[in-house]
Amino acid sequence: MHTTILATFFALSRTLLSMCSAGIVAFLIALWATKDDIARARGLDKIVALSNLCFAVPLAVFGALHLSGVEFVLPIVPSYMPWRLFVAYFVGFALLSASLSIATRIQVRWSGLLFGIMMFCFVAMLMIPGAIASPRDRFAWTIVFRESSFGGAGWILAGNASNGWRGPAKTTLITVGRILIAIAAIFFGIEHFLHPMGLPGVPLEKEMPAWIPARALIDYVTGAALMVLGGSILLNRKTRIVATYVGGWLLLMVLVIYGPVLVLALSQPGIGVEVEGINYFADTLLFTGTILALASATPRISSDM
């Protein structure tokens with residue numbers, strides 16, 4: 001079996017090999033950088049300690065896609081923009097740089113801030129116009145809220161970094177991030193109840209495979225958890241503990257559902273299917289990191305215990 005796995009890995013295209021390799025390298029770097037925090041943490045705080053790791057790995061994967069599979073990225077760069085190929089490559093290098101910074105926890109005040117600004121530019125220039133053009137397309141709005149929550153989490157990381165922003169700047173960054181994550185969580189939670197066969201986490205087109213037992217129940221549990229999280233953030237009640245539980249649940253979903261889905265996608269012919277499988281895995285891991293970043297930035301105060 002190990003021989004088959006290795007053969008599959010080395011048979012991947014240059015694009016897929018780059019994406020997988022970048023993710024693995026980011027994982028190892030982030031794991032090394034956070035090993036002391038994981039060792040010191042107690043109980044559920046060990047899950048919270050994984051926030052930077054869960055955030056850095058997908059950024060490395062997406063950055064590698066921009067550099068080694070630019071043909072997948074170039075069509076979404078607006079046609080009115082000059083130097084479209086340069087922009088696609090530039091974003092790839094920016095994502096890899098942000099991944100390395102967040103994984104090592106070096107200068108996160110800048111990488112988190114700039115990543116958030118970049119995501120908000122994407123939302124303003126790409127996602128919102130697309131959603132307005134197709135207002136009944138729930139997936140278009142899902143992407144708007146997904147990318148907004150990613151940008152908000154980047155600002156939370158920037159404000160919560162050990163050498164992060166202080167005073168009003170820190171408060172503003174974290175507050176904006178909390179609100180955007182709350183909106184996304186509530187929207188995603190409602191979508192899970194309306195369409196209870198999709199993959200849990202970020203409710204996009206792909207449905208859970210038929211071999212997964214209790215598919216609807218998994219979506220209902222995920223939807224309820226996300227709605228509770230959104231309410232907890234807006235009411236500022238027990239946000240840290242709720243975000244930790246929800247982040248832990250999504251991390252479990254990444255391992256037991258998205259992991260096999262990824263393996264199955266990589267075994268299918270066609271690079272488009274394989275890239276889609278990696279993207280779904282990385283997207284959900286990044287949303288997990290988003291929620292865990294929120295938990296990490298929420299202090300242990302009386303209203304949050």
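Q: How do the residues of the lining of the largest cavity divide into nonpolar, polar and charged?
A: The split is four nonpolar, one polar and one charged. Here Ala, Val, Leu, Ile, Met, Phe, Trp, Tyr, Cys and Pro are nonpolar, Asp, Glu, Lys and Arg charged, and the others, Gly among them, polar. This is a predicted model: local features need pLDDT of at least 70, side-chain atom pairs pLDDT 80 or more, while totals for chains, interfaces and linings use all residues. Residues are numbered from 1 along each chain as its sequence is written, and side-chain values use heavy atoms, without hydrogens and water.

Q: Which residues line the largest cavity?
A: On a 1 Å grid over the protein atoms alone, a 1.4 Å probe fits in a cavity but cannot get out; a pocket is open, with protein on both sides within 12 Å along at least five of seven lines, and lining residues have an atom within 4 Å of a point. Here you will find Val 202, Leu 204, Tyr 258, Tyr 280, Asp 283 and Thr 284. H12 gives the largest share, three residues, and the space is about 30 Å³.

Q: And what volume does the largest pocket have?
A: About 1200 Å³, counted as space filled by probe spheres set on grid points joined across faces, edges and corners. Of its 39 lining residues, His 66, Ile 76, Met 127, Arg 146 and Glu 147 are closest to the centre. The lining has 31 nonpolar, three polar and five charged residues.

Q: Which helix supplies the largest share of that lining?
A: Helices are DSSP runs (H or I, at least four residues), numbered from the N terminus. Nine lining residues come from H7, the largest share.

How values were computed. Helices (H or I, at least four residues) and strands (E, at least two) are DSSP runs, numbered from the N terminus.
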